[in-house]
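Me: Please take a close look at one part of this model for me, starting from a loop and working into the middle of the sheet. Spell out the cut-offs as you go.

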Amino acid sequence: MTDTAQILATKLEKDAQNTSKTPLLGVNVDHVATLRQARGVSYPSPLAAALLCEKAGADGITIHLREDRRHIQDADVYEIARQLTTRMNLEMAATTEMLEIACQVKPYWVCLVPEKRAELTTEGGLEVAAQLTWLKEYVSKLQAADIKVSLFIDPEDTQIAAAVNCDADAIELHTGSYAEAGLAGDTDRVNVELERIKSAVITAKKIDSKLLVNAGHGLTRDNVNAIAQIEGIYELNIGHALIADALFVGMDQAVVMMKAAMHQ
Ligand SMILES: CC(=O)[C@@H](O)[C@H](O)COP(=O)(O)O
Ligand SMILES: NCC(=O)COP(=O)(O)O
């Protein structure tokens with residue numbers, strides 16, 4: 001093993017344990033590509049953004065290859081996978097086309113998400129319980145290709161149990177309802193949603209102590225701390241708000257600021 005490979009292997013091993021109380025930070029760079037696609041030109045580059053995030057301390061990079069290719073393109077997936085020094089988390093729908101791409105790219109993680117063509121962003125969690133047979137087989141095909149699999153689900157006991165039944169390596173709890181309640185200024189609903197997420201983490205760990213529990217969607221510097229403080233959360237995936245911060249302070253500073261907000 002070369003020195004660089006050894007350093008990376010040690011870092012991945014340490015991340016995999018993540019014994020610190022604060023979750024790791026995965027940065028989603030989809031919306032760098034959204035800006036590029038708005039003009040149909042070659043800039044700004046989600047790859048360059050991903051590399052800057054890594055340098056600034058991101059623990060991983062998330063990209064979502066949507067079926068309609070509205071932001072991230074196939075070429076981005078291959079190039080980002082080739083150049084990352086942390087871990088890629090490839091979000092995708094559980095389709096035959098995406099399975100083929102994932103098995104070629106071999107990201108460290110695949111996160112299976114539900115997708116609707118008309119949605120502005122991911123609206124709900126994956127209905128794991130309702131498509132158990134398909135997903136169980138799908139997860140095992142990814143794992144056979146040496147890819148770890150996470151399922152993006154709502155913080156509900158039935159979905160958690162179904163994800164465990166699928167032998168998923170991780171779940172990612174959808175924090176969208178929590179974030180929306182905050183944007184609406186509805187403190188009571190924020191508290192209810194926060195409790196739902198806390199109780200989902202406890203349930204997940206009770207059912208399967210080895211299952212990694214991630215969270216994400218709609219997290220910002222203003223709302224992230226309460227989620228980052230929940231014991232047992234392994235990683236947070238944050239995109240839209242962090243890329244929005246980067247417009248004003250730069251990519252590296254946006255990562256530093258998000259990490260600071262998580263640790264407060
Ligand atoms: C699955 C999820 O919550 C998001 O990360 C997802 O990638 C959102 O899709 P957009 O990036 O297209 O908003
Ligand atoms: N899975 C959540 C994610 O990657 C980022 O979501 P958002 O911060 O862009 O809403």
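Reply: Let's start with Arg-69, which is exposed because just 12 other C-beta atoms lie within 10 Å, and the cut-offs are 12 or fewer for exposed, 20 or more for buried and anything in between for partly exposed, counting other C-beta atoms within 10 Å of the residue's own, all placed from the backbone. Bear in mind that this is a predicted model: local features need pLDDT of at least 70, side-chain atom pairs count only at pLDDT 80 or more, and totals for chains, interfaces and linings use all residues. Residues are numbered from 1 along each chain as its sequence is written, while chains are lettered from A and ligands numbered from 1 in the order in which they are written.

Arg-69 has a positive phi of about 55° despite not being a glycine, and it sits in the loop between β2 (60–64) and α4 (74–83). Helices here are DSSP runs of H or I with at least four residues, strands are runs of E with at least two, and both are numbered from the N terminus. Most residues other than glycine have a negative phi, and most peptide bonds are trans. Lys-106 also goes positive, with phi near 50°, and its place is the loop between α5 and β4. Lys-106 counts as partly exposed because it has 14 C-beta neighbours inside 10 Å.

That loop leads us to β4, the part to dwell on. Strand β4 covers residues 109–112, with Trp-109 and Cys-111 pointing one way, Val-110 and Leu-112 the other, and all of them buried. In a regular strand the side chains alternate between the two faces of the sheet.

Now for what flanks it. β4 pairs in the parallel sense with β3 (residues 87–92) over four bridges, where pairing takes at least two DSSP bridges between the strands. Trp-109 is the bridge partner of Asn-89. Another four bridges join β4 to β5 (residues 148–153), again parallel, and there Val-110 has Val-149 as its bridge partner.

Helices link these strands. β3, α5 (residues 96–105) and β4 form a right-handed β-α-β unit, meaning that with the strands pointing away from the viewer, the path from the first strand over the helix to the second runs clockwise. β4, α6 (residues 132–144) and β5 form a right-handed unit too.

Then there's the packing. The largest nonpolar core has 78 residues, and Val-110 and Leu-112 are among those touching the most other members, along with Cys-53, Ile-61, Leu-151, Ile-171 and Leu-236; such a core is a set of buried Ala, Val, Leu, Ile, Met, Phe, Trp, Tyr and Cys residues joined through C-beta atoms within 7 Å. Helix α3 (residues 46–56) gives the most to this core, with six residues. Leu-151 is in contact with Leu-112, and also with Leu-126, Val-128, Ala-163, Cys-166, Ala-168 and Ile-171, leaving aside neighbours within four places in sequence; contact means C-beta atoms, placed from the backbone, within 7 Å.

Finally, ligand 1: the residues around it include Glu-91, Val-113 and Phe-152, the test being a C-beta atom, placed from the backbone, within 6 Å of the molecule. By class, that shell has two nonpolar, seven polar and two charged residues; Ala, Val, Leu, Ile, Met, Phe, Trp, Tyr, Cys and Pro count as nonpolar, Asp, Glu, Lys and Arg as charged, and the others, Gly among them, as polar.

Key
Two residues are in contact if their C-beta atoms, placed from the backbone, lie within 7 Å.
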